[in-house]
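Please open the model in your viewer and keep the selection panel at hand. The stops below go from one selection to the next, with a short account of what is there.

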Protein chains: 2
Amino acid sequence: MKKALGIGLAGFGTVGSGVWETLEKNSELIQARTGVQVSINRIAVRDLTKAREGAAAELFTTDWQEVVNDDSVQMVVELIGGTTTAFDIVSSALKLGKPVVTGNKALLAERGAELFELSRQHNAPILFEAAIAGAIPIVKAIKDSFAGNRIESMAGIINGTSNYILERMTDAGLDYKVALAEAQELGYAEADPTLDVNGWDAAHKAILLTSLAHGFVIDPADVYVDGIEQVRGTDIAFAKNLGYVVKLLCVMHTRPDGAVELRTQASFISQKHILSSVNGVFNAVAVTGDAAGESLFYGRGAGKGPTASSVVGDIIELAQAMGQGSQPAGFLPYKPDGGLLPIEETETPYYVRFDVSDRPGVVADIAQVLAQHGIGISGTHSPVNSDDPDAEFVDMVFMLHTCPWGKLQATLSEVEKLDCINSAPVVFRIEAL
Amino acid sequence: MKKALGIGLAGFGTVGSGVWETLEKNSELIQARTGVQVSINRIAVRDLTKAREGAAAELFTTDWQEVVNDDSVQMVVELIGGTTTAFDIVSSALKLGKPVVTGNKALLAERGAELFELSRQHNAPILFEAAIAGAIPIVKAIKDSFAGNRIESMAGIINGTSNYILERMTDAGLDYKVALAEAQELGYAEADPTLDVNGWDAAHKAILLTSLAHGFVIDPADVYVDGIEQVRGTDIAFAKNLGYVVKLLCVMHTRPDGAVELRTQASFISQKHILSSVNGVFNAVAVTGDAAGESLFYGRGAGKGPTASSVVGDIIELAQAMGQGSQPAGFLPYKPDGGLLPIEETETPYYVRFDVSDRPGVVADIAQVLAQHGIGISGTHSPVNSDDPDAEFVDMVFMLHTCPWGKLQATLSEVEKLDCINSAPVVFRIEAL
């Protein structure tokens, strides 16, 4: 019998307690399968007075340093979230040479450069399967299973909250605000849903996936991110008529010259693509490797059990290797920065919605500016306001041919100057997957 | 710089040469990402006179023992297929303590008990990602990522040939034989397609997945397997009308008492389930774990690049661990046999097609036998032969309520004795996923 490897756990909220429960419930199975015996020896929490079901009271402390420094702790599992105390915990563990398991996408996307450097210096891996897409083993897929592949593209629906909201807008015709309120009521959206609906939760995950695929650390400031806050019923209906659905999509493309496109925005995707069937709080990532071809990984992207499943998978991987006196290979950046293609140079077709004053000549005015800049129009549409056929302001939709994002933005800022335009146009990409 | 780990390769056909090419093409990338340098040092083939693009002539031999015993060979990659010479190669390597990578599902499903025992005795892992579902990293998912989960169910479409044939029958209305001939012409089916269409190729993979999930070795003789040879246009049209599609489906269910159901047969699945969209030569496996919830893994199930991708992933995993003087955890059975539920005790609803003489009283006669055995009928249908409304023989279809397979078979053998029945009835399960 190997001796048990000791875990120090920071955080005993939904995921932390889920990890405790999973390790308890399936401990015999885990030991039989993997030869690994692990035990959570210390737990750091913010508030000792909360009820902590399951774990013994003496394991808890409010001092995370006690946990990290404890001699019975050989690996640290960080599940408190945020980028400040979490950073201190992870960096302290690494400096002691203790491997880290974390589910903290914001921490790694924002401060990964420092942490991966510490990981390298102290030869202590950081495992983060739980940081991306809940139970879906996408980190291991990219990092290990597809390690022999050049990753040509990825497309992900990796924020369940926004996906749920868009689905309800699509299927039940709900308004954005009503759908958001419903998601909050069901516990699918936080009281403060900002990071979910503005695209940044998804973008953090996409940044990490891109680092895994390409080996360089990405500065979030270099990444184009837009959310779903501007999506209206008009857009969804228009998409549907043309055979598309609207999804918050993270897209990564590797160009033949090695430059990497990365963006997160509300996008039109074909109803025929399998990603269009990813509904509710599910997540999915499509990956194309030069050898593997197209693959799709689909599953529960959040929640107690699914996230705990990934944390426990990482714990077991660590424990199996550490039991042999070795370590699993954690991700380490292997290329300098700078591979990201500026967003201005990325090209797709677009859907653009203008809020216009309904007077003769509007279409001609807009079309003329587009023509001056050489941007082709594949279709225009102005939905009739059936409640008020003589409404003063209407939505005017243009479908535009492929052109660079920078050119589109320059053109649109000129269109905006037309006196018939009432507010900034709304743009969604049409992504060919 | 770590020294390169040497590979001995057995087989240089489609997959073997694909592994060579992938390692060549992406060697710098692999080294940067993983710190691993591997080289194929010896290659065993049957026929030295065939052109071997890429690899140097002096690497080749027709004597596999030379390859396995070579001192420069630290791991053996078996890609020749079959269960005789392949067994000798794999067992010899294990006896020398050399880890093995294989894509040979038949070998492991038929002779896994012996090989895993050798793996245990000689402390040399067997890695076999490529044996199941081509590029899809389903072995690693079950064995590692979901190691903390009790696996509650799996459902797989894991034979691309039969899936392609069924798709063409469904979408283009082709006859079975025409669809099969087309698949052969396109290279999707072998000249001898027996194992693809009779279900055994898929069943071998399902046996391995079930062993991974539950830890016991399964005797293929204990597994119910049926293929797609009996599927007719009638069945597909009938399925479609009721909102189903016909798929060759591998199903594993874990009962609450721990008994395990495992079967491979042509089945009706709901058009709404994501597995129903798995078309062409793609594979997919849906997995439900007690913590992870539902997941789906989708990708290319066969072919040079996809299979090579998985072989190379395994090679890298081995090389990373061996470079640290350790080893990845290969699968080892951890439970005695005997957990499989006898097929007679498994229960689903069914679709049954009878070939009957068209005379008054046929429906009543069949229905009476079913009633005597307490099997409920949810619907019957007799498609009119529009070419010949007075045809003597017709198809008569019954949809039956859930009952044990054993009871159904006993009842059908009695129905068969009716003089209106012309041949053995054809049964497909209706699988609720």
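Begin in chain B by selecting strand β4, residues 75-78, together with strand β5, residues 100-102, which run parallel to each other and pair over three bridges. Within this pair, show the side chains of B:Glu78 and of B:Thr102 in β5(B), since these two residues stand opposite one another. Bear in mind throughout that the model is a predicted one.

Now widen the selection to the whole sheet of chain B, an open sheet of six strands that are paired in parallel and follow the order β3-β2-β1-β4-β5-β6. At its edges are β3 (60-61) and β6 (126-127) of chain B, each of which has a pairing on one side only. Next add helix α12 of chain B, residues 304-323, which lies across β1 (5-10), β2 (38-44), β4, β5 and β6 of that chain and runs at about 170° to β4(B).

Move to chain A and select its sheet, where six strands in the order β3-β2-β1-β4-β5-β6 again form an open arrangement with parallel pairing. Its edge strands are β3 (60-61) and β6 (126-127) of chain A, each paired on one side only. Strands β4 (residues 75-78) and β5 (residues 100-102) of chain A are joined in the parallel sense over three bridges, and here A:Val76 has A:Val100 in β5(A) as its bridge partner. Helix α1 of chain A, residues 14-25, packs on this sheet and touches β1 (5-10) and β2 (38-44) of chain A, with a direction that makes about 155° with that of β2(A).

Two annotated positions in chain A come next. Select A:Lys205, which UniProt lists, in an unreviewed entry, under "active site", and which is found in helix α10 (residues 200-214) of chain A. Is A:Lys205 buried or exposed? With a relative accessible area of 4%, A:Lys205 falls under the 20% limit and therefore counts as buried. Beyond its neighbours within four places in sequence, A:Lys205 is in contact with A:Lys105, A:Ala131, A:Ile132, A:Ala133, A:Ile158, A:Asn159 and A:Asn283.

Then select A:Glu190, where UniProt, again in an unreviewed entry, places the feature "binding site". A:Glu190 is in the loop between α8 (176-185) and α9 (194-197) of chain A, and its relative accessibility of 54% makes it count as exposed. Apart from residues up to four places away in sequence, A:Glu190 touches A:Gln184 and A:Asp196.

For the interior, select A:Phe128, A:Ile138, B:Phe128 and B:Ile138, which have the most contacts inside the largest nonpolar core, a set of 168 residues. Around B:Ile138, leaving out residues up to four places away in sequence, the contacts are B:Glu129, B:Ile132, B:Ala133, B:Leu209, B:Val285, B:Val287 and B:Phe297. A second, separate core of 32 residues includes B:Leu5, B:Ile7, B:Leu59 and B:Leu127.

Finally, display both chains together. A turn of 180°, with a shift of 0.0 Å along the axis, lays chain B on chain A with an RMSD of 0.0 Å, which is the relation of a two-fold axis. To find this axis from chain B, select B:Phe297, whose C-alpha is the nearest to it in that chain, at 2.5 Å. Of the interface residues of chain B, 100% are also interface residues in chain A, so the copies meet through the same surface.

Technical notes:
Residues are numbered from 1 along each chain as its sequence is written. Chains are lettered from A and ligands numbered from 1 in the order in which they are written. This is a predicted model: local features need pLDDT of at least 70, side-chain atom pairs count only at pLDDT 80 or more; totals for chains, interfaces and linings use all residues. Side-chain values use heavy atoms; hydrogens and water are left out. Copies are superposed by least squares on the C-alpha atoms of residues with pLDDT of at least 70 in both. Contact means heavy atoms within 4.5 Å. A nonpolar core is a set of buried Ala, Val, Leu, Ile, Met, Phe, Trp, Tyr and Cys residues joined through side-chain atoms within 4.5 Å. Buried means under 20% relative accessible area, exposed over 50%, partly exposed in between (1.4 Å probe, protein chains only). Two strands pair if DSSP finds at least two bridges between them. Helices (H or I, at least four residues) and strands (E, at least two) are DSSP runs, numbered from the N terminus. Axes are lines fitted to C-alpha atoms, for helices over the stretch in contact, and angles run from 0 to 180 degrees between N-to-C directions. UniProt positions are given in the numbering used here, feature names are shortened, and annotations may be inferred rather than shown by experiment.
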